[in-house]
Amino acid sequence: MRKPRRTEDLWEYRIIEQTRRSEKSFRSLHIIEHDLKIALIFPSSYETAIANLGFHKVFELLNGIEGVQCERFFYDKRFSKYYSLDTQRPLDEFHIWAFSVSFELDFQNIIQLMQKKGIPLFNHLRNDHHPFILIGGAVTYFNPNALWQYADLIFHGDADETLNIFIEKMLEGFRQKKNREGILEQIKSFDNLSIPLLHHTAKSISKSMEMTKKPAVSLITTKRSVFPNKVLLEVGRGCLRSCAFCVAGHTRSPARFVQVDVIESIFDEMKEKGFNDCGLISATFTDHPFKNKILDLMEERDIHFTVSSLRLDSLSEKLLEGLLRSGQKEITIAPEGGSQKIRELMNKQISEEDIERSLQLIAKKGIRKLKMYFIYGLEEENESDFEAIYKIVQRANHYGMTDIKISLNPLIPKPGTPFSSRQIQDLKTLRTKKQFIEKMLGKKVSVKFESIRNSILQYQIANASKDFQFPAD
Ligand code: SF4
């Protein structure tokens, strides 16, 4: 690709060049020059983007469509030009800007990027010279309304079987040289597509069954990923559980698990291509019906692994041994509630005995580092529920765990969950609770609180109605 002439652009261009150079290809990227150019944009950092399997999957799907050229972008507030990671083509040359959004607060980055690129923010102000703004990703399973006035298209759900059909239809419109409205009219029959300008709301959320045979897999690895140098492999989608605060457990059902023979063939492909580390991605690896077989397959091939999440009630010696063999020194568990009362309210289905058993097991394996996640901010909780968090810490200490980290997040009630009729607690209440917990835990453990202000904003975005507007800068 041609190099920029302006010095300030050259700096940005070099960053992209270096980032691309840090990538090692696991599967070929297959980019062919075509008329319809789609920018696949992750509205957050490169490190997060590249650790997101949906980003890899959609990139692969779009480049598999005859006539479509898709290239990857990520968000960096320092950038102005925005060059693609794949050919370093500037973003302005792309016809569709497809945002893969996993996190509500990243909506703000989409707005900022559009502002920076001089794209009219509101969909009714854009014309044929502007790109189509397409929103997809995890947020579209529950409520992407915050972007209703900004997006041209919202694709709801799994991309696997349906994204290509609707993009092919758009391609047809482009080839027939239809105008913006004509193209939108042509695709409005798709059930899982919302088109705000036409007041068309999706009737369903796409759920893939094909993913059990064709899971998402990393196309590249890089040391800069949140999962450094690991081939990420989707082993499940959706969750068997239904914790009351969790969108994954409610809006992404049914739980689907990737077939073991498919997983085995990917392990073989890894070995063949000289890759030895993988990250198993799912809502909870420990719920996979063939988890032990998967652990055996990795051990036989001496593949090292990590898991994106595990349930402490189904923690096993075999899994811990596998993680230790892979060099993992810290275990992360999520009791979420300190007391049984709070865990029951959250439908966490984890008992005191489960916590005791898992701490004993972790200690037995000689693991000294423990990270635990908790939620606070329920109207029913009181000081004794917070003290119960401290008791879990004391028990972990008792079993010899010396390096303990606690992460605390305010409850953010979300649409589609049993907590949807609740509201996030106000700033003052959350601050008082935070101060109590901080004082109680003192310096005994390392405690990290999610920002209360950001959590309130996340709540507002997650529960937005269609007339929501982001505050002007
Ligand atoms: S919190 Fe974890 S176990 Fe519970 S529903 Fe969500 S993904 Fe499943």
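These questions and answers go through a predicted model.

Colleague: At roughly what angle do the axes of helix α13 and helix α14 cross?

Modeller: Helix α13 covers residues 383-398, and helix α14 covers residues 427-441. Their axes come within 10 Å. The crossing is at roughly 40°.

Colleague: Are α13 and α14 parallel, perpendicular or oblique to each other?

Modeller: Angles under 35 degrees count as roughly parallel, and 65 to 115 as roughly perpendicular. The two axes cross at roughly 40°. The crossing is right-handed. The helices are therefore oblique.

Colleague: How do the residues of the contact of α13 with α14 divide into nonpolar, polar and charged?

Modeller: From α13 come Glu383, Phe386, Glu387 and Tyr390. They meet Phe436, Ile437, Met440 and Leu441 in α14. The contact divides into 6 nonpolar, no polar and 2 charged.

Colleague: How do the residues of the shell around the ligand divide?

Modeller: The residues around the ligand include Cys239, Cys243 and Cys246. Arg241 and Arg311 are also among them, as are Ser242 and Thr284. The shell divides into 5 nonpolar, 3 polar and 2 charged.

Colleague: How many residues of helix α3 are buried?

Modeller: Helix α3 spans residues 53-63 and is mostly covered. Among its buried residues are Leu53, Phe55 and Val58. His56 and Lys57 are buried too. The count is 9 of its 11 residues.

Colleague: Which residue does a cis peptide bond join to Ser253?

Modeller: Omega for this bond is about 5°. The partner lies in the loop between α7 (247-251) and β11 (256-257). The residue is Pro254.

Colleague: Is Glu336 buried or exposed?

Modeller: Glu336 lies in strand β14, residues 330-336. Its phi is positive, about 65°, although it is not a glycine. A residue needs 20 or more other C-beta atoms within 10 Å to be buried. Glu336 has 21 C-beta neighbours inside 10 Å, so it counts as buried.

Colleague: What does Asn347 count as: buried, exposed or partly exposed?

Modeller: Asn347 lies in the loop between α11 and α12 (352-364). Asn347 has a positive phi of about 55°, although it is not a glycine. With 16 C-beta neighbours inside 10 Å, Asn347 counts as partly exposed.

Colleague: What distance separates the C-alpha atoms of Glu344 and Ser194?

Modeller: Glu344 sits in helix α11, residues 340-345. Glu344 has 14 other C-beta atoms within 10 Å, so it is partly exposed. Along the chain, Glu344 and Ser194 are 150 residues apart. Their C-alpha atoms are separated by 37 Å.

Key: Residues numbered from 1 in each chain as written. Predicted model: local features only at pLDDT ≥ 70, side-chain atom pairs only at ≥ 80, totals over all residues. Axes fitted to C-alpha atoms, helices over the stretch in contact; angles between N-to-C directions. Helix = DSSP H or I, 4+ residues; strand = E, 2+ residues; numbered from the N terminus. Parallel < 35°, antiparallel > 145°, perpendicular 65-115°, else oblique. Left-handed = near helix turned anticlockwise from the far one by under 90°. Contact = placed C-beta atoms within 7 Å. Nonpolar A, V, L, I, M, F, W, Y, C, P; charged D, E, K, R; others polar. Near = placed C-beta within 6 Å. Buried ≥ 20, exposed ≤ 12 C-beta atoms within 10 Å, placed from the backbone.
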